Amino acid sequence: MSKALDGVRILDFTHVQSGPTCTQLLAWFGADVIKVERAGEGDATRGQLRDIPDVDSLYFTMLNHNKRSITLDTKNPKGKEVLETLIKQCDVLVENFAPGALDRMGFTWLRIQELNPRMIVASVKGFGPGPYENCKVYENVAQCAGGAASTTGFEDGPPMVTGAQIGDSGTGLHLALGIVAALYQRKSTGRGQKVLAAMQDSVLNLCRVKLRDQQRLERTGLMKEYPQYPDHPFGEAVPRAGNASGGGQPGSILKCKGWETDPNAYLYFITQGAVWPAICKVIGEENWINDETYATPAARLLHQKLIFARIEEWTKTKTKFEAMDIMNKYDIPCGPILSMKEIAEDPSLRESGTIVEVDHPKRGKYLSVGNPIKLSDSPTEVTRSPLLGEHTEEVLTQLGYSTEQIAALREERVI
Ligand code: CAO
């Protein structure tokens with residue numbers, strides 16, 4: 001079967017997490033992704049957080065599936081020539097170097113356009129134009145600057161970053177969408193263009209509802225679905241909301257049977273208005289259905305803590321899965337807090353290809369997250385990440401280099 005991005009060739013000049021997330025997705029959709037790395041070390045993540053000595057780390061292998069790797073010193077004049085050939089023969093260059101690195105290498109936007117006017121140059125940077133545009137940025141900096149940290153955590157605690165890599169992987173996703181849009185526009189214009197996804201912007205995009213709340217707060221002075229209401233005053237900025245739902249239906253994380261010893265024996269429970277009578281029946285408080293203290297969503301907002309405490313008395317008598325099964329019968333929205341161990345062992349995630357087992361020649365079998373985006377006409381087959389420089393000769397031969405030329409480049413340590 002064909003793949004959605006068959007025929008698209010990507011010059012993958014990315015490293016660490018954000019850029020590789022993007023090019024891995026493009027590879028899963030069928031693009032030919034050629035990862036350019038420095039000889040010797042390669043992408044720094046190959047050697048970071050290793051669990052097996054001298055073997056590419058899971059950090060690297062889980063972000064670089066379905067790619068080819070070539071080594072190239074792009075600061076060496078002969079290496080620059082190879083890079084020029086690659087630029088002429090690729091559709092997209094994706095990079096996430098520190099600001100200005102590509103220019104310093106001699107590959108400005110103007111130069112790239114001279115070499116290949118159809119080339120799309122896609123970049124992840126920490127910040128867009130402005131006072132911080134020249135800063136190097138890692139995940140948690142983006143979470144802090146994009147509004148996630150100030151709105152995450154509990155009211156009486158410090159700002160908190162989330163385990164979801166919204167700054168790195170989140171920005172990679174945004175960049176991938178920009179690249180696909182630019183490829184589509186190129187069909188009619190015939191021109192490439194620059195695509196920028198700034199990590200701060202991507203995090204902010206994912207925190208859109210918090211900017212919504214900032215404006216609601218400024219207009220009305222309070223937000224009734226927040227845990228601060230009605231007991232604590234609101235300040236000038238959106239506060240941390242603990243585990244409140246963030247939408248129009250109140251929710252909370254509740255203890256389940258075994259919580260004393262199992263740190264993940266919890267359930268997320270949403271008191272959706274439509275199923276309020278069912279909730280009351282399940283927890284044995286049928287009189288709450290018509291009691292005016294609880295009968296309407298507006299009345300319940302004044303008593304959220306008491307209501308969730310009562311529901312928790314019930315959830316504490318059930319495991320999270322038992323509670324989930326009972327609630328599902330009544331269409332009551334809730335979800336178990338799943339540990340990574342439970343997720344790794346989940347048969348349905350294996351079945352759907354969201355969790356995949358991959359074989360690697362040096363590390364053996366390992367688990368990875370497969371393509372979370374499923375296309376019915378472009379199925380994803382996850383193949384292992386490349387060893388450093390595994391495809392150097394293959395790619396250079398495809399680019400038109402002879403065996404002798406390749407040997408000379410190797411001799412001069414350009415590749
Ligand atoms: N041959 C020769 N030189 C190479 C090369 C190659 N194949 N590949 C990279 N280099 C050079 C770069 O040109 C750069 O040289 P200069 O500093 O002389 O311009 C140098 O290697 C280091 O690149 P860098 O500054 O990007 O790397 P770093 O480790 O110092 O910084 C990071 C890492 C992530 C902080 C920075 O790249 C960055 O801010 N990127 C943009 C934001 C981003 O993507 N952050 C997410 C990181 S986690 O996903």
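This is a short tour of a predicted model, going from the whole chain to the ligand and then to a handful of residues worth clicking on.

**The whole chain**

Start zoomed out, with the protein chain shown as a cartoon. You should be able to pick out 17 helices and 11 strands. Turn the chain along its principal axes and the C-alpha atoms fill a box of roughly 85 × 45 × 40 Å. The chain has 415 residues, and 46% of them count as buried.

Switch on a surface if you like. About 21,100 Å² of the protein chain is exposed, with carbon and sulfur atoms supplying 54% of that area. The fold also brings distant parts of the sequence together: take the contacts between residues at least 6 apart in sequence, and 65% of them join residues at least 24 apart.

**The ligand**

Next, select the ligand and show the residues around it. Which pocket are you looking at? The ligand takes up the space of the largest pocket. There are 23 residues surrounding the ligand, and the closest are Ser18, Lys75, Ala98, Lys136 and Val137.

Now go through three polar pairs, one at a time:

- Ser18: a backbone N or O atom of this residue is 2.6 Å from an oxygen atom of the ligand.
- Arg38: here it is the side chain, with an N or O atom 3.0 Å from an oxygen atom of the ligand.
- Thr74: a polar side-chain atom of this residue sits 3.1 Å from a nitrogen atom of the ligand.

How much of the ligand does the protein cover? On its own, the ligand has 950 Å² of accessible area, and the protein covers 84% of that.

**Glu95 and its partner**

Select Glu95, in strand E4 (residues 92–95). Is Glu95 buried or exposed? Glu95 counts as buried because its relative accessibility is 4%, under the 20% cut-off. Show side chains and draw a distance to Ser123: the two side chains make a polar contact at 2.6 Å. Beyond its neighbours within four places in sequence, Glu95 is also in contact with other residues, including Phe13, Thr14, Leu102 and Ala122.

**Trp109**

Move on to Trp109, which belongs to helix H5 (residues 109–115). Trp109 counts as partly exposed because its relative accessibility is 22%. Leave out the neighbours within four places in sequence, and Trp109 still has contacts with Met119, Val121, Gly192, Gln193 and Lys194. For a quick distance check, jump to Ala122: Trp109 and Ala122 are 13 residues apart in sequence, and their C-alpha atoms are 11 Å apart in space.

**Glu285 and Arg310**

Here is another acidic residue to click on. Glu285 is in the loop between helix H10 (276–283) and helix H11 (297–301). What does Glu285 touch, not counting residues up to four places away in sequence? The answer is Cys280 and Arg310. With Arg310 there is a polar contact of 2.5 Å between the side chains. Glu285 counts as buried because its relative accessibility is 17%.

**Backbone oddities**

Now show the backbone atoms. Most residues other than glycine have a negative phi, and most peptide bonds are trans. The next three stops go against that.

Select Tyr229 and Pro230 together. The peptide bond joining Tyr229 and Pro230 is cis, with omega at about 0°. Pro230 lies in the loop between helix H9 (208–220) and strand E7 (251–255).

Then go to Asp54, in the loop between strand E2 (32–37) and helix H2 (58–61). Asp54 is not a glycine, yet its phi is positive, about 60°. Asp54 counts as exposed because its relative accessibility is 66%.

Asp331 has a positive phi of about 60° too, and is not a glycine either. Look for Asp331 in the loop between helix H13 (320–329) and strand E9 (334–336). With a relative accessible area of 61%, Asp331 is exposed.

**Last stop: Pro361**

Finish at Pro361, in the loop between strand E10 (355–360) and strand E11 (364–369). Is Pro361 buried or exposed? Pro361 counts as exposed because its relative accessibility is 54%, over the 50% cut-off. From there, draw a line to Ile415: the two residues are 54 apart in sequence and 22 Å apart in space, C-alpha to C-alpha.

Methods:
Residues are numbered from 1 along each chain as its sequence is written. This is a predicted model: local features need pLDDT of at least 70, side-chain atom pairs count only at pLDDT 80 or more; totals for chains, interfaces and linings use all residues. Side-chain values use heavy atoms; hydrogens and water are left out. Helices (H or I, at least four residues) and strands (E, at least two) are DSSP runs, numbered from the N terminus. Buried means under 20% relative accessible area, exposed over 50%, partly exposed in between (1.4 Å probe, protein chains only). A polar contact is a pair of N or O atoms within 3.5 Å; within protein, one must be able to donate a hydrogen and the other to accept it, and residues adjacent in sequence count only if both atoms are side-chain atoms. Contact means heavy atoms within 4.5 Å. A residue is near a molecule or strand if one of its heavy atoms lies within 4 Å of it. Accessible areas come from the Shrake-Rupley method with a 1.4 Å probe; for residues, only the protein chains shown count as cover. On a 1 Å grid over the protein atoms alone, a cavity is a set of points where a 1.4 Å probe fits but cannot get out, and a pocket is an open set with protein on both sides within 12 Å along at least five of seven lines; lining residues have an atom within 4 Å of a point. A molecule sits in a cavity or pocket if more than half of its atoms lie within 2 Å of its grid points.
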